[in-house]
Amino acid sequence: MENKLLSKNFILTVASATFLYTASFMLTTVCPRFVTDSGNTDSLAGIIAALFTLSSFFTRPLWGWLTDKKGRKLVYTTGIVLGIGAILLLFFCNNNLFLMASRILFGVGYSAFTTAGGTIVCDVVPEDKLQQGLAVYGVTNVLSQAVAPVVALWLYDKDFLWVIAIATAICTAGLL
């Protein structure tokens with residue numbers, strides 16, 4: 001039997017990652033703008049952006065360990081569910097505390113699904129196609145970085161709630 005790159009599991013993982021990265025970059029783009037448009041300082045916007053980055057950075061080793069101990073699918077799914085919960089928290093974002101909590105929770109979820117996602121790709125791609133598989137998986141991140149900010153800013157001009165609703169739908173599609 002031929003070792004093929006485009007297996008069902010690989011295609012589903014890449015599609016899911018594309019959805020999740022897109023939602024993440026949408027929120028990363030508009031959350032600081034939402035903070036400043038709400039009358040807060042640029043410093044607070046930076047702090048809120050940093051909370052996402054730091055929570056993602058510091059929880060990544062835990063998710064790596066759990067990926068090996070409890071399984072990739074569980075950690076990946078947990079990350080998506082945490083991400084959806086964090087986005088839903090934005091619907092109730094009437095003060096900076098909710099926004100901070102949402103960004104921290106999303107950072108924790110983001111580190112879970114990115115850590116487990118990369119591991120899943122390494123598991124489902126044949127060894128002789130690993131470089132190609134990781135390259136395709138990496139393109140999902142780059143493509144999302146190119147498209148998501150434009151879409152997010154366009155939706156934000158309509159209303160911040162549109163960004164939240166679309167990001168929730170995109171993450172839910174990634175979960176499915």
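How many disulfides does the structure hold? Zero, counting as a disulfide any pair of cysteine sulfur atoms within 2.5 Å. Select cysteine 171 to check: this residue is in no disulfide, and the nearest cysteine sulfur, that of cysteine 31, is 12 Å away. While you're there, note that cysteine 171 is buried, at a relative accessible area of 1%, and cysteine 31 is buried too, with 1%. Buried means under 20% relative accessible area, exposed over 50%, and partly exposed in between (1.4 Å probe, protein chains only).

A quick word on what you're viewing. This is a predicted model, where local features need pLDDT of at least 70 and side-chain atom pairs count only at pLDDT 80 or more, while totals for chains, interfaces and linings use all residues. Residues are numbered from 1 along each chain as its sequence is written, and side-chain values use heavy atoms, leaving out hydrogens and water.

Now zoom out and show the whole chain as a cartoon. You'll find six helices and zero strands; helices are DSSP runs of H or I with at least four residues, strands runs of E with at least two, numbered from the N terminus. Along its principal axes, the C-alpha trace spans about 60 × 30 × 25 Å. Of the 176 residues, 43% are buried.

Next, pick helix α3, residues 72–90, and find leucine 88 in it. Leucine 88 has 37% relative accessibility, so it counts as partly exposed. Finally, add Phe91, Phe92, Phe98 and Leu161 to the selection: together with Leu88 they form a nonpolar patch on the surface.

Notes
Patches are made of residues with over 30% relative accessible area and no salt bridge: like charges are joined within 9 Å, nonpolar side chains (Val, Leu, Ile, Met, Phe, Trp, Tyr) within 5 Å. Accessible areas come from the Shrake-Rupley method with a 1.4 Å probe; for residues, only the protein chains shown count as cover. A salt bridge is a side-chain nitrogen of Lys or Arg within 4 Å of a carboxyl oxygen of Asp or Glu.
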